[in-house]
Amino acid sequence: MKSFKIYIIAALGVVGLGLSSCSDSFLDVEPETSLFDENFYSTQADAELALIGCYDGWQRTSSDADVSFYLLSEVMSDQCFGATGVGDDRNYQAIDRFDLSQAPSYSDLGNNLWESYYRGIFRCNKLLQELDNVAWNGDTEEAQLANKVRVEGETRVLRAILYFDMVRLFGNIPLLTEPSDENLPQVHPDEVYKLIAEDLMFGAENIPADAYPKSNANENDGRITQYAAKALLARVYLYYTGYYEKSDLVGMVSAQEALSGLEDIISSEEYGLVGEFKNLWPAASMTLEEDGDNKIMKSSYAGRGNQEVVLAKKFNYTQDYNGNMDGNRWLVMMGMRNFSSFPYGRGWGACTVHPEFAQAFGDGDTRRAASMIDLVGEGIEGDFETLDDQREYTGFSVKKYTPMSKWQKDEASGEWTLVDEVAGLGEGDFQISQYQDWVIVRYADVLLMAAELGSANAAEYLNRVRRRAYTVDGEVGAGFNEISATPENILEERELEFAFEGIRYWDLLRQGIDKAASEIAEENGVDVLSGGNQDQVVIQASNFVEKKGLFQIPQTQITLSNYLLEQNAGW
């Protein structure tokens, strides 16, 4: 593992950097003076600024240049292929097929990701270490303690998120609970999950319910709440008990306790389902009207931080090549290869959609059109002039997360030009300055997890989500029918509801390695086009099973640890 001295420097730098990240509200903070470790962490203002640095550390795991956790979750799932361009290296194929022979030189597929996560963890550990040195605001000891535990709760939940991503992805990782430069060995995953559970439980119990009310989402969007902590605890419970075939979460959380947290979220009435599914997503909610020479663009998008968002990772359009790191760096990979067609912007053509999944939706299910771009169905395939540059083309691309384009009129000539949406937003660059938030937890997920965990209202929760999927203009379509809340029905609904949201792969793994392998493997191959020519995607189940769904530990980290770290099986 790389020496953690580099993380110390990075983490202390958080108090001297701009910290302009994540949203136009609570994360846009400029320190008024130069701050250093020896004079920091003395006031609550210091602690609040350091907490923003922890949020920034979480965000940086997506803003730094590397394959992101989101991309890995999608490429490894059964819904998407690696794709990208025909002239690109085959590193995305190595990930998609769980087969390093596709790109033998790629022994560091996630090295920057590994470093980014541990930098974020360091920031959290550093703040937690200093909490007792802070002079907390408040006229009474009770008020001061309330401020302290709120900051501690948010920090610990952020640390839990970082560790949950890491332990799911890599399985066997070092566990650091203080800002240390030690070269530590990997620990048993149970030790990591114990810390995750403790951190999430602390946040759920100690972040006040009214700390960041949803009614003030414009200011609080992106903040960790007690409700986010409870939802994440249920997600961790379901994954851990499924993947490791256990009855509880490391002896600390039972199914009933995980469910209780979800029922608290539901009964709070802080959240609700957006009326129509398409309005959850910027691209799906866009329409264009032409009136003579005018192009009128309209959106029914529910907006960032809408009533369904329990937790989102925030991004800005101000990322540049001069050190400002706050953009959604992975979103450009999701765009159609060097091709724009309103409202979709160009990108690098990763994560083409499996053609079989494109047919999985029932008649009248609005999630199909809202979730994926159907190039033939939307009449844009004929304009896709760069098809000869696209690898593993299937005719379908991800719509939920895609770069955006807009029509822009030249006032002098009167001509309309299709441009990248980020153009004109500061110094926006379509490659690095995409800013669509990644929604980590939606209220629909709260409902479906509660149904899966055996709520007395399981059928109501399941069918509430289904009913919305068939709703247009307030009317439920003829294709809707109520179904019973069996485990199979709930998991099938999750597959359709959360397609391309970075959830499906982990839902497969928690059903068991053999089950996941049977869904992901393509032993007989799937027909695709690469460079306009016939091609096949072949995924061997044995490659997946050998690796138990885990990702490659970067060779650089193994070398820097003096081989204290051990590679995961199969890599």
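Where is Asn 147 placed? Asn 147 sits in helix H6, and that helix is a good starting point for this briefing. Please keep in mind that this is a predicted model. The points below begin with the packing of H6, H7 and H9, then turn to a buried helix, some backbone details and a few individual residues.

**H6 and its partner H7**

- Helix H6 covers residues 141-170 and helix H7 covers residues 189-206; their axes are 8 Å apart and meet at an angle of about 150°.
- Angles over 145 degrees count as roughly antiparallel, and H6 and H7 are therefore roughly antiparallel to each other.
- The crossing in which H6 passes H7 is left-handed.
- On the H6 side, the contact includes Val 149, Arg 150, Gly 153, Val 157, Ala 160, Phe 164 and Val 167.
- On the H7 side, the contacting residues include Pro 189, Val 192, Leu 195, Ile 196, Asp 199, Phe 202 and Asn 206.
- Sorted by class, the contact of H6 with H7 holds 13 nonpolar, three polar and seven charged residues.
- Back to Asn 147 of H6: its C-alpha atom is 7.1 Å from that of Asn 137, and ten residues separate the two along the chain.
- Beyond its neighbours within four places in sequence, Asn 147 contacts Gln 44, Trp 136, Asn 137 and Gly 138.

**H7 and its other partner, H9**

- H7 also packs with helix H9 (residues 226-243), at an angle of about 155° and with the axes 8 Å apart.
- H7 and H9 are therefore roughly antiparallel to each other, and their crossing is left-handed.
- From H7, the contact draws on Asp 190, Tyr 193, Ile 196, Ala 197, Leu 200, Met 201, Gly 203 and Ala 204.
- From H9, the contact draws on Gln 226, Ala 229, Lys 230, Leu 232, Leu 233, Val 236, Tyr 239 and Tyr 240.
- The contact of H7 with H9 has twelve nonpolar, two polar and two charged residues.

**A helix with buried residues: H15**

- Helix H15 spans residues 487-497, and its buried residues are Ile 490, Leu 491, Glu 493, Arg 494, Glu 495, Leu 496 and Glu 497.
- The elements covering these buried residues include helix H12 (367-371), strand S10 (438-442), helix H13 (443-452), helix H14 (458-469) and helix H16 (504-509).

**Backbone details to look for**

- As general background, most residues other than glycine have a negative phi, and most peptide bonds are trans.
- The peptide bond from Phe 342 to Pro 343 is cis, with omega near 5°.
- Pro 343 belongs to the loop between strand S4 (336-337) and strand S5 (346-347).
- Asn 338 is also in the loop between S4 and S5, and its phi is positive, about 50°, although Asn 338 is not a glycine.
- With a relative accessible area of 34%, Asn 338 is partly exposed.
- Glu 392, another residue other than glycine, has a positive phi near 55°.
- Glu 392 lies in the loop between strand S6 (372-374) and S7, and with a relative accessible area of 0% it is buried.

**Buried residues and their contacts**

- Tyr 393 is in the loop between S6 and S7 and counts as buried at 7% relative accessibility.
- The side chains of Tyr 393 and Glu 381 form a polar contact of 2.6 Å.
- Leaving out residues up to four places away in sequence, Tyr 393 touches Thr 352, Leu 375, Glu 381, Phe 384, Leu 387, Val 528 and Leu 529.
- From C-alpha to C-alpha, Tyr 393 and Leu 425 are 31 Å apart, with their positions 32 residues apart in sequence.
- Lys 399 is in the loop between strand S7 (396-398) and strand S8 (405-409), and its relative accessibility of 7% makes Lys 399 count as buried.
- The side chain of Lys 399 is joined to that of Tyr 344 by a polar contact of 3.2 Å.
- Other residues touched by Lys 399 include Ala 283, Ala 369, Met 372, Ile 373 and Glu 378.
- Asn 543 is in helix H18 (residues 541-547) and counts as buried at 16% relative accessibility.
- Setting aside residues up to four places away in sequence, Asn 543 touches Arg 97, Phe 98 and Asp 99.
- The C-alpha atoms of Asn 543 and Asn 533 are 26 Å apart, and these residues are ten apart along the chain.

Methods:
Residues are numbered from 1 along each chain as its sequence is written. This is a predicted model: local features need pLDDT of at least 70, side-chain atom pairs count only at pLDDT 80 or more; totals for chains, interfaces and linings use all residues. Side-chain values use heavy atoms; hydrogens and water are left out. Axes are lines fitted to C-alpha atoms, for helices over the stretch in contact, and angles run from 0 to 180 degrees between N-to-C directions. Helices (H or I, at least four residues) and strands (E, at least two) are DSSP runs, numbered from the N terminus. Angles under 35 degrees count as roughly parallel, over 145 as roughly antiparallel, 65 to 115 as roughly perpendicular and the rest as oblique. A crossing is left-handed if the near helix is turned anticlockwise from the far one by less than a right angle, and right-handed if clockwise. Contact means heavy atoms within 4.5 Å. Ala, Val, Leu, Ile, Met, Phe, Trp, Tyr, Cys and Pro count as nonpolar, Asp, Glu, Lys and Arg as charged, and the others, Gly among them, as polar. Buried means under 20% relative accessible area, exposed over 50%, partly exposed in between (1.4 Å probe, protein chains only). A polar contact is a pair of N or O atoms within 3.5 Å; within protein, one must be able to donate a hydrogen and the other to accept it, and residues adjacent in sequence count only if both atoms are side-chain atoms.
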